[in-house]
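Subject: Handing over the structure

Hi there,

Here is the structure I promised to pass on to you. Have a look at it first, and then read on for my notes.

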Amino acid sequence: MTISRNTGLAGAALLLIAGIWAYPTAQALYQTIHLFDQDRIVENFRSANQLWSSRTMTAAAQPRPYQQGSELELPETFSFADQNLNAKQFLSDSWTTGLLVIKQDEIVYEEYFLGSSESTRTISWSMAKSFISAMIGIAVNEGSIGSIEQPVDVYAPELKGSGYEGVRIKDVLQMSSGIAFNEDYGDFSSDINRWGRGFAMGSSQDEFAASLVRGRQPGTVNHYVSIDTHVLSMVLSRATGKSVTDYMQEKLYQPLGMEFDGYWLIDSFGKEMALGGLNLTLRDFAKLGSLYLHQGAVDEQQIVPVNWVAASTIADAVHLQPAQADFGYGYQWWLPLSDSGEYMAMGVYGQYIYVNPARDIVIVKLSANPHYNDLSYLPSSDFANLAFFRSIANAGAD
């Protein structure tokens, strides 16, 4: 999830229009337009709460820090697309701000770049979607949500009459809602960019979701629609009677032993940017990967149901299957073609939580890559990053 950078006449015109309404709105739009500028992107990604409103989650009363393990030496090179790439150069070229490798629940590699540190909170972008999925699973297990076979408008009646009416929660989880949506970050007029400008100018995310229309039969095509995750957050908050922030504080933040305060960005109506506005530290992002690696448990406490973790990380229909040229999809988790059961949370501009159960490894990589939308730029490729992670997992094999 993200919104596309735009400069020039179109951006100036929008800024002028916004300025007629109110200076704070114009300022927010200006910040959004220049969010991904090369000279600003790193700082913007680690100070999102200075750009937009936010809601805080406090560090756990009993933090669960990772233990230090024997240091892992990164592979000097790795192969991708018939090229032999230098690992350290790849980290630099992809504007990495943090890299963490957890092997058998111990930190075996941790490094920060571009001024970040262990206490730096960074925006997740679409990695947030996997956290939302975990909370949906908890709410189903506790009975707040009756079943993912239910339509989303049972819990969010304002979606009646929209493209989401009658769509199963499961189809929304699997990005198969059938909603007509353009998620092209490089297209100024795309739906995702319309949403982004609306967020910056104070529009309601709920109303935006309710404005979308059906494009195909739900449950038949995997078509990435970031607003699907906002709809899941509407279901979650209505079903539990709690904000996403409060529910996460109780159900994930405390039991996972998060070490630092975190926060969600919120819109002017107090609703979380569920599709990408989660801000955590490198180590605290890793804790979701570790939780899923252990089938939803921390020590003896089952936090996310075992069956939810399993269902979330497989493609259970033909249209969700991974192929050689693309990823498959589970419940808000990406599924590479794999013999080792790998899965990933991914966010634009280079954010990754990589889980490899066969190697007992979790890798988190945070980045602020201003060249992300350049498809010819190899370090922007999710598959190049996957190859890098696999090289680390293989290097860490016993």
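How much area does the protein chain expose, and what share of it do carbon and sulfur atoms supply? The exposed area is about 15400 Å², and carbon and sulfur atoms account for 48% of it. Please keep in mind as you read that this is a predicted model.

**The chain as a whole**

The protein chain contains 13 helices and 16 strands. Its radius of gyration is 20 Å, close to the 21 Å that the globule rule gives for 398 residues, so the chain is as compact as a globular protein of that length. Measuring tape in hand, so to speak, you would find that the C-alpha trace spans about 60 × 50 × 45 Å along its principal axes. Of the 398 residues, 58% count as buried. If you take the contacts between residues at least 6 apart in sequence, 70% of them join residues at least 24 apart. As for charge, there are 25 positive and 43 negative side chains, and the centres of these two sets lie 4 Å apart.

**The nonpolar core**

In soluble globular proteins, nonpolar side chains tend to be buried together. Here the largest nonpolar core has 126 residues, and those with the most contacts inside it are Phe131, Tyr164, Ile227, Leu252, Tyr292 and Val304. Helix H5 (residues 128–141) gives the largest share of this core, eight residues.

Leu252 is a good place to start looking around. Leaving aside neighbours within four places in sequence, Leu252 is in contact with Phe131, Ala134, Met135, Ile138, Tyr247, Leu291, Ile303 and Val304. Two of the core residues named above, Phe131 and Val304, are among these partners.

**A covered helix**

Next, turn to helix H7 (residues 191–200), which is mostly covered: nine of its 10 residues are buried. Among them are Asp191, Asn193 and Arg197, along with Trp195 and Phe199. Just after H7, Gly202 takes a positive phi of about 95°.

**Three residues to visit**

Val235 sits in helix H9 (residues 227–240). Is Val235 buried or exposed? Its relative accessibility is 0%, so Val235 counts as buried. Val235 and Val152 are 83 residues apart along the chain, yet their C-alpha atoms are separated by 6.4 Å. Val152 is also one of the contacts of Val235, together with Ile145, Tyr155 and Ile169, when neighbours within four places in sequence are left aside.

Lys170 belongs to helix H6 (residues 169–173). With a relative accessible area of 14%, which is under the 20% cut-off, Lys170 is buried. Outside its neighbours within four places in sequence, Lys170 is in contact with Ile148, Glu149, Asp316 and Tyr331.

Gly166 is in the loop between H5 and H6. Its relative accessibility is 49%, so Gly166 counts as partly exposed. Not counting residues up to four places away in sequence, Gly166 touches Pro151 and Asp153. The C-alpha atoms of Gly166 and Met258 are separated by 37 Å, and these two residues are 92 apart along the chain.

Happy exploring, and do write back with any questions.

Best wishes

Notes: Residues are numbered from 1 along each chain as its sequence is written. This is a predicted model: local features need pLDDT of at least 70, side-chain atom pairs count only at pLDDT 80 or more; totals for chains, interfaces and linings use all residues. Side-chain values use heavy atoms; hydrogens and water are left out. Helices (H or I, at least four residues) and strands (E, at least two) are DSSP runs, numbered from the N terminus. The radius of gyration is taken over C-alpha atoms; the globule rule is 2.2 Å times the number of residues to the power 0.38. Buried means under 20% relative accessible area, exposed over 50%, partly exposed in between (1.4 Å probe, protein chains only). Contact means heavy atoms within 4.5 Å. Accessible areas come from the Shrake-Rupley method with a 1.4 Å probe; for residues, only the protein chains shown count as cover. Lys and Arg count as positive and Asp and Glu as negative; His and the chain ends are not counted. The place of a charge is taken as NZ of Lys, CZ of Arg, CG of Asp or CD of Glu. A nonpolar core is a set of buried Ala, Val, Leu, Ile, Met, Phe, Trp, Tyr and Cys residues joined through side-chain atoms within 4.5 Å.
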